[in-house]
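Visitor: I'd like to go through how the parts of this protein chain meet. Can you take me through it step by step?

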Amino acid sequence: MIDLLLKNASRSGVEIDKLFDLITFLVGFWFLLAEAVLFGLVFRFHRSRSPRALYVSGEEKHQKRWIAVPHVLVLLCDVVIIAGTMLVWSHVKQQLPPADAVVRIGSQQWAWVFTLPGPDGVFDTPDDIARVNELHVRSGAVYHFELTAQDVIHCFSVPAFRLKQDAVPGRLIKGWFAALEPGRYDIQCAEMCGIGHGLMAASLYVEEKEQHARWLQENAAPPRELVAFRFPNP
Ligand code: CUA
């Protein structure tokens, strides 16, 4: 249902959306029922039809049932929602599927720094690619991310991926995502982190395999301009 507002674009998002649907359906059902009963009673016992108010103490058995039965049914719905939530939590947050690639995500007031290991697939080598507010990934691949913050708590949020994870200074938090299709998606900090919080946005580019490999090659080359620059002799 939430797909109507913002189409899901990640593997784990499918499950999150199903959970949303479950909660919306169960809560929506009780909301509509309760409102229907409320307005039905307002109409039925309008002053014109029922000028004298009844005094109901609610102590008799048949009266108590009006509270006890819906109470138990609502509790049962809660159990269903909690069970669904735990299942999705364990799939999405706790069991990381095997990684095709790893990305380091650093956050600070007020920018994101994304580091990819470059074509050699190893971090801390000269071909590492670090970008500010710009993340390039391959469509379909499972990415593990290592998330941290330099100053205050930030939150890595990709609405189209249904992904949200706090970044905490001093901690390295791991998680995963896998994009379903190529495109550009919004990244937005989702934790109040100071005056520039609203500006702490970034772009996530999901590319096809060949396109992404080309991007890695093009951006992994060490900058040559400095080497090529010659000072003129005096
Ligand atoms: Cu970083 Cu809000």
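Guide: Let's settle one term up front: a polar contact is a pair of N or O atoms within 3.5 Å, where, within protein, one must be able to donate a hydrogen and the other to accept it, and residues adjacent in sequence count only if both atoms are side-chain atoms. Also keep in mind that this is a predicted model.

Visitor: How many residue pairs are in polar contact across the interface of domain 1 and domain 2?

Guide: The domain assignment puts domain 1 at 2-94 and domain 2 at 101-227. With both residues of a pair required to be at pLDDT 80 or more, the count across that interface comes to eleven.

Visitor: Which elements give two or more residues to the side of domain 1 that touches domain 2?

Guide: On that side, the residues split into five nonpolar, five polar and five charged. The elements giving two or more of them are α1 (13-44) and α2 (61-94).

Visitor: What area do domain 1 and domain 2 bury between them?

Guide: Contact here involves 15 residues of domain 1 and 13 of domain 2. Carbon and sulfur atoms carry 50% of the buried area, and the total is about 1200 Å².

Visitor: And which residues in domain 1 lose the most area to domain 2?

Guide: Three residues together make up 44% of what the domain 1 side buries. They are Ala9, Arg11 and Lys93.

Visitor: Which residue does the side chain of Lys7 meet in a salt bridge?

Guide: Between domain 1 and domain 2 the count is three salt bridges. For Lys7, the N to O distance is 3.2 Å, inside the 4 Å cut-off. The partner is Glu181.

How values were computed: Residues numbered from 1 in each chain as written. Predicted model: local features only at pLDDT ≥ 70, side-chain atom pairs only at ≥ 80, totals over all residues. Heavy atoms only, no water. Domains from an automatic or database assignment. Contact = heavy atoms within 4.5 Å. Buried area = accessible area lost by both parts, 1.4 Å probe. Helix = DSSP H or I, 4+ residues; strand = E, 2+ residues; numbered from the N terminus. Nonpolar A, V, L, I, M, F, W, Y, C, P; charged D, E, K, R; others polar.
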